[in-house]
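Trainee: I would like to go through this structure and ask why each term is used.
Mentor: Go ahead, and ask for the reason each time.

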Protein chains: 2
Amino acid sequence: MKHYLAHHPWQIIEEDFHREHHEVSESIYSLGNGRFGLRGNFEEEFTGKTLRGSYFAGVYYPDLTRVGWWKNGYPEYFAKVLNAVNWIGVNIFIDGESLDLEKMQVSNFRRILDMQLGLLTRTFDMHPPSGGLLSFRFERFCSMDDPDTAAIQISIKSNGYHGKITLEPYLDFDVYNKDSNYGDQFWERVTEEQDDTFSMVSAITKKTQFTVSSFMQTNVVVNKHEIKIASSDVSPMKVSRLYKIDIKNNEEIILEKTVVNLSSLYVHPDHQSDEGRKKLEENVVTGYAALKHNHRKAWQRIWEYADIAIEGNVMAQQGIRFNIFQLWQTYTGADARLNIGPKGFTGEKYGGSTYWDTEAYCIPFYLGTADSHIARNLLVYRYLHLPKAIENAAKLGFKDGAALYPMVTINGEECHNEWEITFEEIHRNGAMVYAIYDYIRYTGDTEYLLEGGLEVIIGIARFWSQRVNFSHDKQAWVMLGVTGPNEYENNVNNNFYTNYIARWCMEYAVEQIAWIKKEHVDAWTKIKEATDFDENELAQWTERTTNMYLPRDESRNVYLQQDGFLDKDLMSADQLPAEDRPINQKWSWDRILRSCFIKQADVLQGLYFFEDHFDEETLRRHFDFYEPMTVHESSLSPCVHAILASRLGKTEKANEMYLRTSRLDLDDYNNDTEDGLHITSMAGTWMSVVRGFAGTQVKDGQLCVAPVLPAGWEGFAFKMHYRGRIIGISVGKDNCEANLLAGEPIEILVYNERRQL
Amino acid sequence: MKHYLAHHPWQIIEEDFHREHHEVSESIYSLGNGRFGLRGNFEEEFTGKTLRGSYFAGVYYPDLTRVGWWKNGYPEYFAKVLNAVNWIGVNIFIDGESLDLEKMQVSNFRRILDMQLGLLTRTFDMHPPSGGLLSFRFERFCSMDDPDTAAIQISIKSNGYHGKITLEPYLDFDVYNKDSNYGDQFWERVTEEQDDTFSMVSAITKKTQFTVSSFMQTNVVVNKHEIKIASSDVSPMKVSRLYKIDIKNNEEIILEKTVVNLSSLYVHPDHQSDEGRKKLEENVVTGYAALKHNHRKAWQRIWEYADIAIEGNVMAQQGIRFNIFQLWQTYTGADARLNIGPKGFTGEKYGGSTYWDTEAYCIPFYLGTADSHIARNLLVYRYLHLPKAIENAAKLGFKDGAALYPMVTINGEECHNEWEITFEEIHRNGAMVYAIYDYIRYTGDTEYLLEGGLEVIIGIARFWSQRVNFSHDKQAWVMLGVTGPNEYENNVNNNFYTNYIARWCMEYAVEQIAWIKKEHVDAWTKIKEATDFDENELAQWTERTTNMYLPRDESRNVYLQQDGFLDKDLMSADQLPAEDRPINQKWSWDRILRSCFIKQADVLQGLYFFEDHFDEETLRRHFDFYEPMTVHESSLSPCVHAILASRLGKTEKANEMYLRTSRLDLDDYNNDTEDGLHITSMAGTWMSVVRGFAGTQVKDGQLCVAPVLPAGWEGFAFKMHYRGRIIGISVGKDNCEANLLAGEPIEILVYNERRQL
């Protein structure tokens, strides 16, 4: 845990430079605009510990996997998010010495991420050895208004200093991934160009052939007089230019660096040079102030609907806004080829881009905070990968169009390293179907089923149907060799969650096919042909769903996480000595696997997903049995527990879990924020409030709200999208207001009472 | 399967050069002498597909492991057997053109490995473009008489050829391991020396600092006239010398290359240069013919007791001798720091040197074919590693002197790559104790218990005692998360074999402690102190052994391989389509794990080990249940099945299994002989005959023999060491003779009849 950042409802503030936490700050002060982003690195040189990181959405490299002994069906490649061009770089020399906060003492250091404006600023004073004082101010943003554009403004003001300052803005593509498996560089040089007003550098990824080009125009004024470039330099993968300035007392240098970043996802490599130059010229005409204004307006439009306002608790307020802000920086929903990586644009760890986090956590967030087309784009992403999911299953021996979505992917191919995950953590396939179901119940839009959704559902139902086998011993259908959401168990038989969601997927497939046959005959004919569907499949699925085995302990009246769970030495996590926590850092994997401890919601994930299948007493029994054994060593765990605890009126537990999820990165709970932010679990924070504290559910097609106010909060308010409407919910100490802000009238349940909005 | 080698009782003969099988031949024609060895590479250049391999016993390199995501308790290093100096090299140029069997057609090619003599010869004729014919003959051996020495003789005879022949003998240390994880070179240059009579090259391993030096002296005569060296060359890691010869019709060139190889296991690096030079001079004085004679005499001494003579079946005869020959080439029992690698000196695959193969397969072989000190050295090897085994267990969280022997090791540290093996395939720990038990029952030597054996047993009993936990559900002690001998199952609960051998180890520990307390009070006092033994441990062990859970199917009256085994789709391997075999090459790992198919004897391994715990009917029930599901995709599997089938009178099955094990490499059953020979499983071939067909067992401390003659054999005979005696067994069509060849009189049972020998 770290507490060096000040609490503020809209800002993340670092007072004084915390060099010892620099890499954590680099993660926290990350910026992005859905198309590219970067860690909060300094513009100027920094020789201390740093992870320079600049990333482009959808640009990846298939690094060779690293396994002991490769076996059939193991993935060959691990698609890596690529560290790309450093486009923020500006070296600064004062009397010939490089400005470097690792080596120089500065005063009045203050860094602010203003989440309302989407603006990162940094100010400090330094005392050059030759006398006087220089005040620095850095400001930058990645435009949410134009996703190709970013801009930086640096101001240096003299207070009694006379001397030479040299500024060297540059673009540098000679970068490596920290997590390269075999130390390879993933980029190859394409070209560098530079003239008096314009610089560019371009590189192409090996194997995948993505081309990224970065362009800059720089402008330096001193007291409103423009400074000419003294010299410029072009070397392989790097371009730079030099400004030499004599500065006197009270003078101010202002450098503006306007940047355009283009990737071949959006602009063909042959046109990047022309396109970048043109766009850069337009941006220069628009000017820094107007670019910033447009950017701020874009953020205003997002916050209008996405914000959650909390009264009476600044920590909680700051936490939720930080989570919402980072999610929107990572994914704006504009492109169905993109998805939400576990670290977004804030680090390289976990490679890949898409886990089941998207379906289980992020889709509910975007469903709630934005127009439905964004969540739909996330569904379409998977539809586009359906052929690869079928290939993926075929590699494992499944046939006839069975689809297994990958555990981690960028392009639809599986790219995790570990067999116990890739082959076995197959419950993710269920989340794909659940997301479609979730989308329909929150938007009312059934059209998606016709336009791809049902094909995905059929592929997945086929997979489950083949993945189970009939046990003559149990006289039921069983599922062997899986890993559930609780990754502290590998290769178990009959994981309750997996069996349950598999059964539900097949049932849902049967229902939706029945519906489409009735309502959309023509669409069904097409889908039938596209999927080469055989009517006998329905009977096969039904045979399995009516006799699917679910492990159960009758004496406790609870479902068991898996076969044999009761053979374990059962104990609660609070019996663990403090020095043993977190167990994934302190214990051997052997010991973890054999223990009863649960990494993240597993049986409880099922009870959360299928909330209307279980009554409160059933939920309580399972919560009381599993919660004490849960160690929450996944960032995805606390939010589900927060929601269930809220449902059960366990407000203290709900609060504890909420803080853990909402301030995970700000307070560095797991001592790993330096690797990047936990982007996908941030959606869980939003869920904790909206589905947890506000108690929103859809039951029998009706929106229900049943808020509980967490201890220490005076109220909270948010807006949510629901079936074409926007509904404002405002919770106070003794009241809950619900207002229809847009759309047709609707009836909802507030604490089980009907309200017409 | 490949059938290009001729059948012969003592020789492996290749007629005509089979270029397409060259790498297979390189494995088969490997030579070794326990201290170093090499694949059957050609002396001269060969530009075709080849795996050049030269290996030194005990010389290894800890390569970084390759895992997806490292977790606590994973091994950091994988100790690799090192490809070392090429000491056989002799380039041969005819009229300036390099002799290269990839590019040149030769006639009358014939290669013979004479196993009786330990000699590899190769002859062929070639027709130089300038006319005439040259007859080549190559001969080499690695001396079994002096393990530092090897020698090569090359003869080139002209039949109508007139021209220039250049010979370039060399030593080359610039070699790489084919299986390096990250492409590193493991050797660093030390020195090269060369003068008119002597060449040497020396290199040191990175990290482990083993120094190996190789020395050569060469002598070339034409018609008994010595040829002078024309020139010589020294470059980093390589020395060579050149002979230029004008040869005429009927002349014969004879090159003798005498080699000394020294490793720092035996000669300190500082003394290697002097020692090598001295030894080389001695060898030169002794002369090629006498060196060869001494080598042959050493093999004669081995064959005297190790041979198995089979009448009426040359294929079977050749197979068993090839296995015995390769085992003795790999390990001669002279050094307790050495052990038997899965590929010996014939390849790099599987790295490491020691698996449980040594205890389960090789120790019985050496017990039977040689004086007991050799098997004892193999036991001492493990005793020397006891501190590392305790460390290894401690890394996983075990305490108080619990010992877990590694799955693969050279220096006592675990160095396998996969958690499902390293943490989980812990049954190997049982084999360590079983080998001590086996050693005592075959030698009668209980002294070893006092001199290390009991400490090993205690460390292992402690491990089992901590590794089980009490299941309140089953009201018994259970063992979770293991991999049994059948590696086609990973992370299962209550593997019968593992639970059974664990229970037996603890029982055996209790018994042996009781015995030593009674018989050797002083020794016990010392062992107690050395192991910090607490008398309460005995009660703990007994508590576990009296209530250890063993999975069982009452209806079939068989023990189950593991919990949940009956949930699988049970079917016999003969229902598999031919194109699906072997499943480890055709199926995904996912499919294999979930199938019922068994890689190698698992429950049956237990019934074999503890043969006197189960009656014949019990054995038959288990054999009939498990054998049909066994795919024998481990080289260790067929021999156990051959033995059990013999016991049950299933001679056809026994024969099938025997051929599979004895000619595994000669006929390349698994299409992998090119990687090297299956050295450790070769001991299984011997076991198939001696413990299988001859039906030798020790029951209640008495040797029993009950031979069955396999179909197509007319008889077989062998000698076996047993409790200080040597007993000759000779089996004919209707008779079984047993003779005491050395030692005190003894009573044995032949077909349950008492015979006094």
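Trainee: What is the order of the strands in the open sheet of five strands in chain B?
Mentor: The model is predicted, and in it the order is E9-E8-E14-E20-E19, with antiparallel pairing.

Trainee: Why is one side of strand E9 and of strand E19 of chain B left without a neighbour in the sheet?
Mentor: Strand E9 (97–98) and strand E19 (231–235) of chain B each have a single partner strand, so they stand at the edges with one side free of a neighbour in the sheet.

Trainee: How do you know that strand E14 and strand E20 of chain B pair?
Mentor: Two strands pair if at least two bridges are found between them. Strand E14 (residues 163–172) of chain B and strand E20 (residues 238–247) of chain B are joined by eight bridges and run antiparallel. Within this pair, B:Thr166 stands opposite B:Lys244.

Trainee: What joins E15(B) to E16(B)?
Mentor: A hairpin does, through four residues. Strand E15 (residues 187–194) of chain B pairs with strand E16 (residues 199–205) of chain B over seven bridges, in the antiparallel sense. B:Gln194 of E15 has B:Ser199 in E16(B) opposite.

Trainee: Now chain A. How many helices and strands does it have?
Mentor: Chain A has 20 helices and 33 strands.

Trainee: Why is chain A called as compact as a globular protein of that length?
Mentor: The globule rule gives 27 Å for 757 residues, and the radius of gyration of chain A is 27 Å, so the description applies. The C-alpha atoms of chain A fill a box of roughly 85 × 55 × 55 Å along the principal axes.

Trainee: What share of the residues in chain A is buried?
Mentor: Buried residues make up 66% of the 757.

Trainee: Why is A:Arg111 called buried?
Mentor: Buried means under 20% relative accessible area. A:Arg111 has a relative accessible area of 1%, so A:Arg111 is buried.

Trainee: Where is A:Arg111, and which residues is it in contact with?
Mentor: A:Arg111 is in strand E10 (residues 107–114) of chain A. Leaving aside neighbours within four places in sequence, its contacts include A:Ile12, A:Glu14, A:Tyr29 and A:Arg122. Contact here means heavy atoms within 4.5 Å.

Trainee: How far apart in space are A:Arg111 and A:Ala360?
Mentor: They are 34 Å apart, C-alpha to C-alpha, and 249 residues apart in sequence.

Notes
Residues numbered from 1 in each chain as written. Chains lettered and ligands numbered in written order. Predicted model: local features only at pLDDT ≥ 70, side-chain atom pairs only at ≥ 80, totals over all residues. Heavy atoms only, no water. Helix = DSSP H or I, 4+ residues; strand = E, 2+ residues; numbered from the N terminus. Rg over C-alpha atoms; globule rule 2.2 N^0.38 Å. Buried < 20%, exposed > 50% of the residue type's maximum accessible area, 1.4 Å probe, protein only.
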